[in-house]
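Me: Could you take a close look at one loop in this structure for me, and then walk on from there through the strands and helices of the chain? I'd love one connected account rather than a list.

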Amino acid sequence: MQRRKFIKNTAAASAAFSIVPSFVMGKNHVPPSDTLYMGAFGVGGRGASVIQGLNETQKVKFVSFCDVDDRRAAETYANFPDVKRYKDFRKVYDMHLKDMDAIMVATPDHMHASIALPFMRAKKHAYVEKPLTHNINEARLMTQVAKDNGIVTQMGNQGASSDGSREAKEWIDSGIIGKVYKVDCWTNRPVWPQGVPVPQGKDRIPKGLDWDLWLGTAELRDYNDAYLPFKWRGYWDFGTGALGDMGCHIMETPFSVLGLGYPTEAEASCTTNWVGDFVEADYSKSCPASSIVRLKFNTPEHGDIALNWYDGGLLPDLPDELKDGETIGDSGGGSIFYGTRGILVCDTYSRNARLLPSTTMELLTPPKPYLKRIEGDTGGHQRNFVEGCLQGAETSSDFERSGPLTEAVLMGNLAIKAFQYKKLKEGKKLGDWDPFEYPGRRKILWDGDNMRVTNWDKANEWVKGSYRKGWELS
């Protein structure tokens, strides 16, 4: 089916299928109420881990696997030799829509929404890896479609199912650290190249890779080895950088604990790249090697809150309450909550909540746990989704919550893009000293309800992104 025809047909098709299918697979088929039939998209790398977690529930039957790269998918294909395989997600829609209850999407960021939305409109439950989408408009749309169709959803930020996130909320809700006014978050990412030029030259497309389908919504270009298998994260056309990769993990605790919602403003500062003595590079198509992002929120419970993000080896100020030799977070990053009565620290994925100074932990009488825990760490987030689909359990990171979280993360990226945006000064050329002006280096004011930057219209071009002709988002 052609892409345009496919998009037009999805809305009409959504009314033709119920959430629980009547599909029966073989004589020993388990009733649909006990088994979740799923299609998976992007089944190598991170997708393989998600599939393993889903399979370990023993309540999932995979109807189809879809991956544009046979090499990345090889291990999953070997582990599930009887599952039908496809490269084009549209063929899965045509062939198996009636056969499935739910989908899992773990492709590169730029394809999340394009793949998930047609199935969601057909009332299929959706598990989509973080970040939920590639741009803010897609996140708003995914959130609304999920709500309109009453489907079960889960973003793949597994820390949302951790005990640490719940413990941190119980502690802060009890007033142990008072009103929170600032949160510092950081990550060890990127652990792939960023702040680099766009790859030049044409490499041979590897056997088993459909490069056109891999590009999907992105602008057509020659294949280059510099993009794969994981380095695409460092290019804005495909990925969302260090913040997009880890923000939905590390910022999840502030969101779930403090009810942050839409930010009101954002600003950024980033590494400058140099290609010679006094010669500044323009690598704005690549995410920066390091960045600091400052977001502002207003909350009913805590009032104004500043959330600061650090990546690429940059770290927040060490709290005065930290003992000599003590560290903050863990090797992957963490978060620090500053309250009017104390400080709380969490590791990556919301783990290991603790107070500063550390001596106060000896005196702490923790509040009685009241939030439901998701048992076990391995596969718990996927199991939570399966239980939501089959038993109506509340999921930890449904799109109603993870959609606004993703929007805030992507608002930080919008501020980074604004910082990177440059124009040649009149009379200047590349290679001159001080050739650029930077109109985006300002506080970006955000009207979240209307999804619009109010003080610099250029930035609104990035709110909705761009799509290759024939791949436009419906």
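Reply: Happy to! Let's start with phenylalanine 278, in a model that is predicted. Phenylalanine 278 has a relative accessible area of 59%, and because the cut-off for exposed is over 50%, this residue counts as exposed. Its place is in the loop between β9 (274–276) and β10 (279–280). The backbone deserves a look too: phenylalanine 278 has a positive phi of about 65°, although it is not a glycine. As background, most residues other than glycine have a negative phi, and most peptide bonds are trans.

Tyrosine 349 also goes against that background, with a positive phi of about 60° and again no glycine to account for it. You will find tyrosine 349 in the loop between β14 and β15. The two strands flanking that loop pair with one another: β14 (residues 343–347) and β15 are antiparallel over three bridges, and isoleucine 343 has leucine 356 of β15 as its bridge partner.

Leucine 356 has a second role to notice, since the peptide bond joining it to proline 357 is cis, with omega about -5°. Proline 357 itself lies in the loop between β15 and α11. Another cis bond runs from leucine 228 to proline 229, where omega is near 5°. Proline 229 sits in the loop between α8 (211–215) and α9. Helix α9 (residues 241–250) is mostly covered, with 10 of its 10 residues buried; among them are Asp245, Met246, Cys248 and His249.

Back to the strands, then. β14 and β15 belong to an open sheet of nine strands with mixed pairing, in the order β15-β14-β13-β7-β12-β11-β8-β18-β19. Its edges are β15 (354–356) and β19 (452–453), each of which pairs on one side only. Helix α12 (residues 399–420) packs on this sheet, where it touches β8 (265–270), β11 (291–299), β18 (444–447) and β19. The direction of α12 makes about 50° with that of β8.

Next, follow α11 (residues 380–391) across to another part of the chain. The axes of α11 and α2 come within 8 Å and cross at roughly 55°. That angle is why α2 counts as oblique to α11, and α2 passes α11 in a right-handed crossing. On the α2 side, the residues in contact are Arg46, Val50, Gly53 and Leu54, which meet Gln382, Phe385 and Val386 of α11. The spacing of such contacts is worth reading with the helix repeat in mind: an α-helix has 3.6 residues a turn, so residues three or four places apart point the same way.

Helix α2 leads us to a set of parallel strands. Strand β1 (residues 36–41) and β2 pair in the parallel sense over six bridges, with glycine 39 standing opposite serine 64 in β2. The chain gets from β1 to β2 through α2 (residues 46–56), and this β-α-β crossover is right-handed. Strand β2 (residues 60–66) is mostly covered, six of its seven residues being buried.

β2 also runs parallel to β3 (residues 84–86), joined to it by three bridges. Serine 64 turns up again here, with lysine 84 as its bridge partner in β3. Between β2 and β3 the chain passes through helix α3 (residues 70–79), in a β-α-β crossover that is right-handed.

Notes. Residues numbered from 1 in each chain as written. Predicted model: local features only at pLDDT ≥ 70, side-chain atom pairs only at ≥ 80, totals over all residues. Heavy atoms only, no water. Buried < 20%, exposed > 50% of the residue type's maximum accessible area, 1.4 Å probe, protein only. Helix = DSSP H or I, 4+ residues; strand = E, 2+ residues; numbered from the N terminus. Pairing = 2+ DSSP bridges. Right-handed = clockwise from strand over helix to strand, strands pointing away. Contact = heavy atoms within 4.5 Å. Axes fitted to C-alpha atoms, helices over the stretch in contact; angles between N-to-C directions. Parallel < 35°, antiparallel > 145°, perpendicular 65-115°, else oblique. Left-handed = near helix turned anticlockwise from the far one by under 90°.
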